[in-house]
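Visitor: I should be grateful for a close look at a single part of this structure. Please choose one strand, describe its surroundings with care, and then place it within the chain as a whole.

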Amino acid sequence: MDEFTKGKRKLRVATIALKNITLLPGATIHFDITRRKSIAAAEIARSNNENVFLVTQKDPGIYDPKMEDLYEYGTLASIKQTARLQKGNLRITAEGLYRVKLGRIISDTDYIISEVYTDECNEKPDLYDALAKEAMMRVVIEQFAVLARSDKRLSLELDTLSAITDFDELLIKIAADIPWDYKIKQEVLDGADYSQRYETVIRELTRENQIIRIKNDFQNQLRENMDNNHKEYVLREQLKIIHNELGDGDHISESEEYERKLEKLSIPENEKNKIKKDIYRLKTMQSNSQEASTIRTYLDTLFDIPFGIYTDDNKDIKHAASVLEGDHYGLEKVKERVIEYLAVRILNPQGKGPILCLVGPPGTGKTSVAKSIAKALGKKYIRISLGGVRDEAEIRGHRKTYVGAMPGRLVEGLRQVGVSNPLMLLDEIDKASSDYRSDTFSALLEVLDSEQNYKFRDHFVEIPIDLSQVLFVATANTTSTIPRPLLDRMEIIEVNSYTENEKFHIAKNYLLKKQLEANGLNEKQVDITDSAIVKIIHNYTREAGVRNLERRIGEIYRKCARAILEGKKGKVKIGERQLKKYLGKEKVDFDHASEADEVGLVRGLAWTSVGGDTMQIEVNVLPGKGNLVLTGHMGDVMKESAQIALSCIKSCASLYNIEDDFFYKNDLHLHIPEGAVPKDGPSAGISMATAMLSAAALIPVKADTAMTGEITLRGKVLPVGGLKEKILAAKMAGVKNVIVPLKNKPDIEELSAEITAGLKLIYAASFDKVLKHAFAVQDTAKKIKTTHVKKQKTAENGI
């Protein structure tokens, strides 16, 4: 027998298991019962005028609970009233009498009969003295009073609770009156002593008060916001009345200002109606809301776009020509194309503007040409850099519903210049890229198509924008990375490399003056001789453009400025001999042509991003099994070109008395020096084929001859590009003869006499013609016979 049952009164009573309800002593509850055993227990207790034991189930989902499914403590209750419901169910009104403990279930056949033990509170020794109990009672009453302030029903019970002197009765009464969850009430009922019941009650009272306090804070904040909005509305209305009384007609509200701007906007009426709806929404919503801020940003952006605002082009052709000539030396094709554009605009003002694409190496003046075009035509200039752009939204803009949305770069450019017909430079268009989410080039298709861009739609603005009057000028270093559909929409103008003579005039007429001004000097303080400029170009720079040349000149002027300020010199004159002091040792060493003809050594011509270059192609014959060894950091295209060259010379080997088994007993090793530099392309085809055949047949190649051209398996020579740069490189290397494809003859004829002067250009349509001018021995049959006799004797001697 445990501590609780010892000395307690034992009762046998009918039992009803409750679901989600806990009855506390002194409380009255109403509940419905539907289970057969519960109905039978209630009827027996009612008919015999007996009390009933009400105990809560641990799991409400169990239909026929056993003893382990019931809580240990319940309440002995008196059934005050029963009412019959549909389907035989009962509605019961019961009043809790006192707490009892479930001992065991005696029977559950027709209904549950339990053996319970009474729990008279005063039987358990009190754990607290009178003062402690009084303190706890006051704390409970205070917390209940705080809760009662927010609930009128509880406030009526406050006087009743204050009159209770028994601590346990007070705790039970509070737990019974407050609509807590049944589990909390069961925890109070299960409390072994006053301390446990007090902790449960005070914990829940404190929790309820905290919830009510937080709820009140939320309501107060909401009420304050509403009051502020109402106050703002009233103040605005009062301000409007005050301005009307004072006759201050200049004051207008934000929405009225937007409406005035809308009337001046040159857009279709249906688009105006859409904007009017946004202005109306802004007028009716709270000014500090997030949506109002979004609409305000959208309207401010929209009204900054220059719809229908144009500048007049300068139609003076002579003025345009003088501006272009004054700003740039050379570039005749570019200047000619701009003058042609201006002539067409004069005759047909409504015509579609072309899309020019200036393609050339870095530093050749593509960006500055675009500025000069804008200056010549009197257009406003805006530059949009596309290098590294990989998101379509950079072109079309973001949807305005996104956080931080903004228009695309094109619309933003129009906002900056304030007109609808500027010159818009799309710089580095070949450096734009795409990823798996979007395609920048596809977004540019609509922009650069004159048949579509008159209704360009930016995702942020959502109103068609006319880009047909914009003069687009794009720049690129190469067209290989530009998709064909986009390339088809542009007119390609090549900006080729400068010759040394052109670089000299550019430096003399433009760069010296520019760097003097940039470094705070004048012509009286520093003088660079013409011979020094030529040496800087030839020995201190190696580029297609003049960017590094300008840097070298700036480097000289900086050191001159320091020397003048330190008082070392009053005027500085710089000749060839002084360059080493200011620029150090020579940076560029040109690979000059060989002095003697050699076997298996051919000088090829290559195009690079910084201009043309020459490259030695070396071939050695080694004992082996007919393999071709390729070294020199070649790309896939160049490797394939070498294989084609080998197959080509095999097909014509018999013409040069090369043994039939030569290519099965020997390996050919082809190497292009400067192995760390990547090389690719098919234009070295005839150079590699000539070097292989020279090594195989032991025929020397002319040292003063360079060549370029793609070769086929049948020995045809196909045209290549970059001829201007390649011929300039050949000239710098001291080459006298240059072999080029016959189909490139029209390209050569377009070059200036300055470039081709001193060179003998040989046009070849087939490999035979290449060999005729490349081999140093004209009587090849005699030479071949002699060399093979030497080879045979050498082999016999074991050397």
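Guide: Let us begin with one pair of residues: leucine 18 stands opposite threonine 56, which belongs to strand 3. The model is a predicted one, and strand 3, at residues 52-56, is the part to be examined here.

Leucine 18 leads to the first partner of our strand. Strand 1, residues 10-18, pairs with strand 3 in the parallel sense, and five bridges make up this pairing. Strand 3 is also joined to strand 4, residues 73-84, by three bridges, and here the two strands run antiparallel. Within that pairing, valine 52 is placed opposite alanine 77 of strand 4. Strand 3 therefore has a parallel pairing with strand 1 and an antiparallel pairing with strand 4.

Is strand 3 enclosed or open to its surroundings? Five of its five residues are buried, so the rest of the structure largely encloses the strand. A residue counts as buried when its relative accessible area is under 20%. In a regular strand, side chains alternate between the two faces of the sheet. In strand 3, Val52, Leu54 and Thr56 lie on one side, while Phe53 and Val55 lie on the other. Both faces are covered, for the residues on either side are all buried.

Strand 3 may now be set against the whole chain. The chain has 29 helices and 26 strands. Of its 799 residues, 46% count as buried. The chain exposes about 41,800 Å², and carbon and sulfur atoms supply 50% of that area. Among contacts with a separation of 6 or more, 73% are between residues 24 or more positions apart.

Individual residues show what such separations look like. Leucine 579 lies in helix 21, residues 579-583, and is buried, with a relative accessible area of 0%. Its C-alpha is 7.9 Å from that of isoleucine 536, although the two residues are 43 residues apart in sequence. Beyond residues up to four places away in sequence, leucine 579 touches several others, including Ala532, Ile536 and Tyr540. Isoleucine 755, in helix 27 (residues 753-756), is likewise buried, at 3% relative accessible area. Isoleucine 755 and leucine 728 are 27 residues apart in sequence, and their C-alpha atoms are 6.5 Å apart in space. Among the residues that isoleucine 755 touches, again not counting those up to four places away, are Thr499 and Lys731.

A strand offers a further case. Threonine 705 is part of strand 22, residues 705-707, and counts as buried at 1% relative accessibility. The side chains of threonine 705 and aspartate 704 are joined by a polar contact of 3.3 Å. Leaving aside neighbours within four places in sequence, threonine 705 is in contact with Arg603, Val735, Asn737, Ile739 and His773.

Aromatic rings also link separate parts of the chain, and the structure holds four aromatic pairs. In one of these, tyrosine 258 and phenylalanine 303 have ring centres 5.8 Å apart and planes at 25°, so the pair is stacked. Because tyrosine 258 lies in helix 8 (residues 254-264) and phenylalanine 303 in helix 10 (residues 290-304), the pair ties together parts 45 residues apart in sequence. Tyrosine 258 is buried at 4% relative accessible area, and phenylalanine 303 is buried at 13%. In another pair, the rings of tyrosine 656 and phenylalanine 775 have centres 6.3 Å apart and planes at 85°, so the arrangement is edge-to-face. Tyrosine 656 is in the loop between helix 22 and helix 23, and phenylalanine 775 in the loop between helix 28 and helix 29, so this pair ties together parts 119 residues apart in sequence. Both of these residues count as buried, tyrosine 656 at 12% and phenylalanine 775 at 2%.

Rings may also have charged residues over them. Arginine 99 lies over the face of tyrosine 73, 3.8 Å from the ring centre, and strand 4, the antiparallel partner of strand 3, spans residues 73-84.

To return to the strand with which we began: strand 3 pairs with strand 1 over five bridges and with strand 4 over three, and its two faces are both covered.

How values were computed
Residues are numbered from 1 along each chain as its sequence is written. This is a predicted model: local features need pLDDT of at least 70, side-chain atom pairs count only at pLDDT 80 or more; totals for chains, interfaces and linings use all residues. Side-chain values use heavy atoms; hydrogens and water are left out. Helices (H or I, at least four residues) and strands (E, at least two) are DSSP runs, numbered from the N terminus. Buried means under 20% relative accessible area, exposed over 50%, partly exposed in between (1.4 Å probe, protein chains only). A polar contact is a pair of N or O atoms within 3.5 Å; within protein, one must be able to donate a hydrogen and the other to accept it, and residues adjacent in sequence count only if both atoms are side-chain atoms. Contact means heavy atoms within 4.5 Å. Rings of Phe, Tyr and Trp (its six-membered ring) pair if their centres lie within 6.5 Å; planes under 30 degrees apart count as stacked, over 60 as edge-to-face and the rest as tilted. A charge sits over a ring if NZ of Lys or CZ of Arg is within 6 Å of the ring centre and within 35 degrees of the ring normal. Accessible areas come from the Shrake-Rupley method with a 1.4 Å probe; for residues, only the protein chains shown count as cover. Two strands pair if DSSP finds at least two bridges between them.
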